[in-house]
Amino acid sequence: MLFFYRFLINIIFVISPIILIVRLLKKKEHILRFKEKFCIFSSYRKKGKLIWFHGASVGEIQSILPIIEILEKKNDIKQILITSNTLSSSKVISKLKLKKTIHQFFPIDTNFLTKRFLNHWRPNTAIFIDTEIWPNTVCNINKRGIPLIIINGRISKKTFNRWKMFPNFAKEIFCKFDLCISCSEISKKYFHKLGLKKIKYFGNLKFVKSELHKFHLDRKLKKFISKKKVWVASSTHPGEEKICGITHQNLKKKYKNLLTIIIPRHIERIPKIEKEINNIGLKTHVHKPNRVIKKETDIYLVNTYGETKSFFSNCKNIFLGGSIIPHGGQNPLEAASFGCSILHGPHISNFHDIYAFLENNKITTKFNNSKAMTKILDNFFTRKERSKIIQKKIDYIGKRILNLTYKEINLFIKKNEVQKT
């Protein structure tokens, strides 16, 4: 099966220039740094210990920032490498004031490129976030005796069933990990069935709020928001924005100074969303620096990545998308860590255990239709502010998860003091 995978990934490698050209035209790749995906590196390795983290995109990278904060302060660690696949995640890293940490794009997972990548960076410890499993990379890390860890490991039922179609291949890949720190009990069970031997579960790292970010909104926008009754619809998917617009119309009958902020999961959909919202008679404003926001604006559309937490920091009533449609929901922990009251639709299978915990603590509320959504938001607007109580609960849990996770990975960091070329 590994032979077949390598055959397929080599075909992808051959046609990858075409794919990258299309992505460049769509502004989904860095105009210069896309070459890193072919192991034409933009940075060099420093002498000393290097710890490597890899995650798919923004969410995965942000979840490990509290660990990066700790490692940045350790004298024996000279460099921290973060790799990811997306342009948005690289932008998030570039905004942080990090002394030891650099970002590179993850190479295409061919046998040749992964060997070249490892020859250049020679990591002392490799840490994969969530379920970013690339077979050639995993095999070549294992051959070099580099400690290989999964943190905040998550496998959905759908992903698990895909791996189970190739049980021998799954076991061949997953048995090469030295440790998995799962983000849930169900993922722990799935990892075990796939062949991972050492698995621990402390909780989800997204309970932890990073201190690296300063979550500030533009002064004029913050002033505008302060004069409104505000709620945020975050990580919305097609079909959900119109429901949010209808909910806005219903609430506006009672709250004349209402503002709904929509942050779609994929910002390239903004023009379609704007048209859809305008068609139901609502006035929109697209997020742009220094652009005057008209007083009569109904819907504020956010068209940038990496600013969601700034809105969570300033707006405490949050709807999390991907839950009205059968997508499986979005992780509510970031919003909860900012003390937000959260509402969601019925489709939350991807994070069922997290929602169950938060619902028991009266942090999240489920609705099944637009009428119920309106009623819940009306209740949020009228009840006493609860953000400090919520934050206190989440902070306590987050600190425990961070300490236990760091303690485990630090054992492997200490083990492999010097990685041979």
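**Notebook: salt bridges and a pocket**

I began with Asp-76 and Lys-49, whose side chains meet in a salt bridge with an N to O distance of 3.1 Å. Asp-76 lies in the loop between helix H3 (65-72) and strand S2 (77-84), while Lys-49 belongs to strand S1 (residues 49-54), so the pair ties together parts that are 27 residues apart in sequence. I keep in mind that this is a predicted model.

I then looked up how far each partner is open to the probe. Asp-76 is partly exposed, with a relative accessible area of 34%, whereas Lys-49, at 4%, counts as buried because the cut-off for that class is under 20%.

Next I turned to Lys-252 and Asp-298, whose side chains form a salt bridge at 2.6 Å, N to O. This pair links distant parts of the chain, with Lys-252 in helix H11 (residues 240-252) and Asp-298 in the loop between strand S10 (284-286) and strand S11 (299-301), 46 residues apart. I found Lys-252 to be partly exposed at a relative accessible area of 29%, and Asp-298 to be buried at 3%.

My third pair was Glu-29 and Arg-23, which I find joined by a salt bridge of 2.6 Å, N to O. Here the acidic partner, Glu-29, counts as buried at 5% relative accessibility, while Arg-23 is partly exposed with a relative accessible area of 26%. I also asked which residues are linked with this pair in a network of salt bridges. Following the contacts, I noted that the network consists of Arg-23, Glu-29 and Lys-37.

For the overall tally, I searched the whole structure and obtained 10 salt bridges. As a reminder to myself, side chains of opposite charge can pair when their charged atoms come close.

I closed the session with the second largest pocket, for which I noted a volume of about 510 Å³. It is lined by 29 residues, and the closest to its centre are Ser-184, Ile-186, His-352, Asp-353 and Ile-354. The elements that give two or more residues to this lining are helix H7 (157-164), helix H9 (185-194), helix H15 (352-360) and helix H17 (387-415).

How do the lining residues of the second largest pocket divide into nonpolar, polar and charged? I recorded 13 nonpolar, 10 polar and 6 charged residues for that lining.

How values were computed: Residues numbered from 1 in each chain as written. Predicted model: local features only at pLDDT ≥ 70, side-chain atom pairs only at ≥ 80, totals over all residues. Heavy atoms only, no water. Salt bridge = Lys/Arg side-chain N within 4 Å of Asp/Glu carboxyl O. Buried < 20%, exposed > 50% of the residue type's maximum accessible area, 1.4 Å probe, protein only. Helix = DSSP H or I, 4+ residues; strand = E, 2+ residues; numbered from the N terminus. 1 Å grid on protein atoms, 1.4 Å probe; cavity = no way out; pocket = protein on both sides within 12 Å on 5 of 7 lines; lining within 4 Å. Points joined across faces, edges and corners; volume = space filled by probe spheres on them. Nonpolar A, V, L, I, M, F, W, Y, C, P; charged D, E, K, R; others polar.
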